[in-house]
Amino acid sequence: LLRSSIHVHPQRDSIYTVIVYDTSGCRNKDSVAISVRPIPSVYAGPDTLVCKGVEYPINATSSVTTINWEPQTGLSSYSILNPVFFYNDSVLYVLTATDSAGCSASDTLLIRVKGPTVDAGPDTTICPDIDYQIVATASDGSIIWSPAAVLSNDSTASPVFNYNQTVMYIIQVTDTNGCKAFDTLNIDIG
């Protein structure tokens, strides 16, 4: 029985020799040396939580410099070890490092994006000296309006405004992770 190939799985550098005899008893032999290279080391970094709208520098490590991130969405570069993440959705990345012999290793990095949402409502024009109920919507978190001086309550989504001058308000919502969201509201006096 003649086999043209065999599969081997050496754990260290090895030499394999094959000896072939023909029907006349003549023999021939050949050897092949197999060098076992270490698998590249690669670490994509710890899974993390990032606030929406905030850039996050990735701190990956590898024993080789040929790098590829997949998917390429939301990264400053997909072929460098430490790109900057700048995306508003969560992504599971796979970092693959490949050495000059074609040996590769991979690691994953989950970046979860969190953040509150806020809508201060539409800009409006009102008559002087009337109470105007602001109706903002915000996800869970603490609210602060600025400037606060002429509002009934600067820490609720729906304070009452009563003032005789045009004001631009900024509403800020901070969630339990410390992530922030902002919106503006212009109230003109007609």
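## Walking through a predicted strand-only fold

Q: What share of the 190 residues in the protein is buried?
A: This is a predicted model, where local features need pLDDT of at least 70, side-chain atom pairs count only at pLDDT 80 or more, and totals for chains, interfaces and linings use all residues. Residues are numbered from 1 along each chain as its sequence is written, and side-chain values use heavy atoms, leaving out hydrogens and water. Buried means under 20% relative accessible area, exposed means over 50%, and partly exposed sits in between (1.4 Å probe, protein chains only). On that scale, the buried part of the 190 residues is 27%.

Q: How many strands does the protein have?
A: Helices (H or I, at least four residues) and strands (E, at least two) are DSSP runs, numbered from the N terminus. By that count the protein has 0 helices, while its strands number 18.

Q: What is the radius of gyration of the protein?
A: It's taken over C-alpha atoms, and the globule rule to hold it against is 2.2 Å times the number of residues to the power 0.38. The C-alpha atoms fill a box of roughly 115 × 30 × 25 Å along the principal axes. For 190 residues the rule gives 16 Å, and the protein is well over that, so it is more spread out than a compact globule, with a radius of gyration of 32 Å.

Q: Among contacts between residues at least 6 apart in sequence, what percentage joins residues at least 24 apart?
A: A contact here means heavy atoms within 4.5 Å. Start from pairs at least 6 apart in sequence, then keep those at least 24 apart, and you get 49%.

Q: How far apart are the mean positions of the positive and negative charges?
A: Lys and Arg count as positive, Asp and Glu as negative, and His and the chain ends are not counted. Each charge is placed at NZ of Lys, CZ of Arg, CG of Asp or CD of Glu. With 9 positive and 18 negative charges, the two mean positions are separated by 26 Å.

Q: Which residue forms an aromatic pair with Phe 85?
A: Rings of Phe, Tyr and Trp (its six-membered ring) pair if their centres lie within 6.5 Å; planes under 30 degrees apart are stacked, over 60 edge-to-face, and the rest tilted. The structure holds 5 such aromatic pairs. In one of them, edge-to-face at 6.2 Å centre to centre and 80° between the planes, the partner of Phe 85 is Tyr 93.

Q: Are Phe 85 and Tyr 93 buried or exposed?
A: Phe 85 has a relative accessible area of 0%, and Tyr 93 is also listed at 0%. Both values therefore put these residues in one class: buried.

Q: What is the angle between the planes of Phe 161 and Tyr 169?
A: Both residues are buried, and they belong to one aromatic cluster with Trp 145 and Tyr 163. Their pair is edge-to-face, 5.9 Å centre to centre, and the angle between the planes is 85°.

Q: Which residue follows Ser 146 across a cis peptide bond?
A: Most peptide bonds are trans. Elsewhere in this chain, the bond from Glu 70 to Pro 71 is cis, with omega near -10°, and Pro 71 lies in the loop between S7 (66-70) and S8 (84-85). The bond after Ser 146 has omega of about -5°, and the residue it leads to is Pro 147.

Q: What is the phi of Asp 129 near?
A: Most residues other than glycine have a negative phi. Asp 129 sits in the loop between S12 (124-126) and S13 (132-133) and is exposed, with a relative accessible area of 54%. Its phi is positive, near 60°.

Q: Which residues does Asn 162 touch, not counting those up to four places away in sequence?
A: Asn 162 is in the loop between S16 and S17 (167-174) and is partly exposed at 35% relative accessible area. Its C-alpha atom is 83 Å from that of Asp 13, 149 residues away along the chain. The residues it touches are Asp 129, Ile 130, Asp 131 and Val 150.

Q: How far apart are the C-alpha atoms of Ala 157 and Ile 143?
A: Ala 157 is in the loop between S15 and S16, and it is buried, with a relative accessible area of 17%. Its contacts beyond four places in sequence include Ile 143 and Trp 145. Ile 143 is 14 residues away along the chain, and the C-alpha separation is 6.9 Å.
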